[in-house]
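Hello,

Here is the structure I promised to pass on to you. Have a look at it first, and then read my notes underneath.

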Amino acid sequence: MKIIFDARPVKRRMHGIARFAVETLKAISKLDSKNEWTVIALEEGKENLPSLPENFEILFVNLPPYNPLEHVLIPYFLRKKTYDIYFPFL
């Protein structure tokens, strides 16, 4: 399966949702080596993302969470490939 994990809440300053997203991503990356994962993230949160195995790809976008444009731009980013599951973390 091809799965999108939206980690845009992860920024320089970690808060509850961002910390939970990072810990969930760590756990999933240890358990799943078969599925293809694409992690949508902000460039400013790069240092807080865990190191990920080869079946994970990070797609950096310039679209902060809770932005009204995300309802148009996230589907635009996702059109480049076909995905089975979108895992929003907002």
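**What I found**

Let me start with Pro-9, which counts as buried because its relative accessibility is 1%. Please keep in mind that this is a predicted model. You will find Pro-9 in the loop that links strand E1 (2-6) to helix H1 (16-31). From Pro-9 to Pro-68 the C-alpha to C-alpha distance is 15 Å, with the two positions 59 residues apart in sequence terms.

The same loop between E1 and H1 holds Arg-8. Is Arg-8 buried or exposed? Arg-8 counts as buried, since its relative accessibility is 0%. A polar atom of the Arg-8 side chain lies 3.3 Å from the backbone oxygen of Pro-64.

Now for the sheet. There are 4 strands in an open sheet, in the order E3-E2-E1-E4, and the pairing is parallel. Strand E3 (56-61) and E4 are the edge strands, each pairing on one side only. From one strand to the next, the twist averages 20 degrees. As a general reminder, strands of a sheet pair through backbone hydrogen bonds, which can be parallel or antiparallel.

Here is how the pairs line up:

- E1 and E2 are parallel and share 5 bridges; Lys-2 stands opposite Glu-36 in E2.
- E1 and E4 are also a parallel pair, with 3 bridges; here Ile-3 stands opposite Ile-85 in E4.
- E2 and E3 are joined in the parallel sense by 6 bridges; Leu-42 has Val-61 in E3 as its bridge partner.

Why is E1 described as largely enclosed by the rest of the structure? The reason is that 4 of the 5 residues of E1 are buried. Helix H1 lies across E1, E2 and E3, and runs at about 155 degrees to E1. Together, E1, H1 and E2 form a right-handed β-α-β unit.

One residue to click on in strand E2 is Val-39. Val-39 is buried, because its relative accessible area of 0% falls under the 20% cut-off. Which residues does Val-39 touch, leaving aside its neighbours within four places in sequence? Val-39 is in contact with Phe-5, Ala-7, Leu-25, Leu-52, Phe-56, Glu-57, Ile-58 and Leu-59. Val-39 and Val-61 lie 10 Å apart, C-alpha to C-alpha, and 22 residues apart in sequence.

Lastly, the other helix. In helix H2 (residues 70-78), the buried residues include Glu-70, Ile-74 and Leu-78. These residues sit on the same side of H2, because they cover an arc of only 60 degrees around the axis. In general, an α-helix has 3.6 residues a turn, so residues three or four places apart point the same way. Among the elements that cover the buried residues of H2 are E1, strand E2 (36-42) and strand E4 (85-87).

If you would like a route through the model, begin at Pro-9 in the loop between E1 and H1, follow the sheet in the order E3-E2-E1-E4, and finish at Glu-70, Ile-74 and Leu-78 in H2.

Best wishes

How values were computed: Residues numbered from 1 in each chain as written. Predicted model: local features only at pLDDT ≥ 70, side-chain atom pairs only at ≥ 80, totals over all residues. Heavy atoms only, no water. Helix = DSSP H or I, 4+ residues; strand = E, 2+ residues; numbered from the N terminus. Buried < 20%, exposed > 50% of the residue type's maximum accessible area, 1.4 Å probe, protein only. Arc of directions from axis to C-beta. Contact = heavy atoms within 4.5 Å. Pairing = 2+ DSSP bridges. Axes fitted to C-alpha atoms, helices over the stretch in contact; angles between N-to-C directions. Right-handed = clockwise from strand over helix to strand, strands pointing away. Polar contact = N/O pair within 3.5 Å; in protein donor to acceptor, adjacent residues only side chain to side chain.
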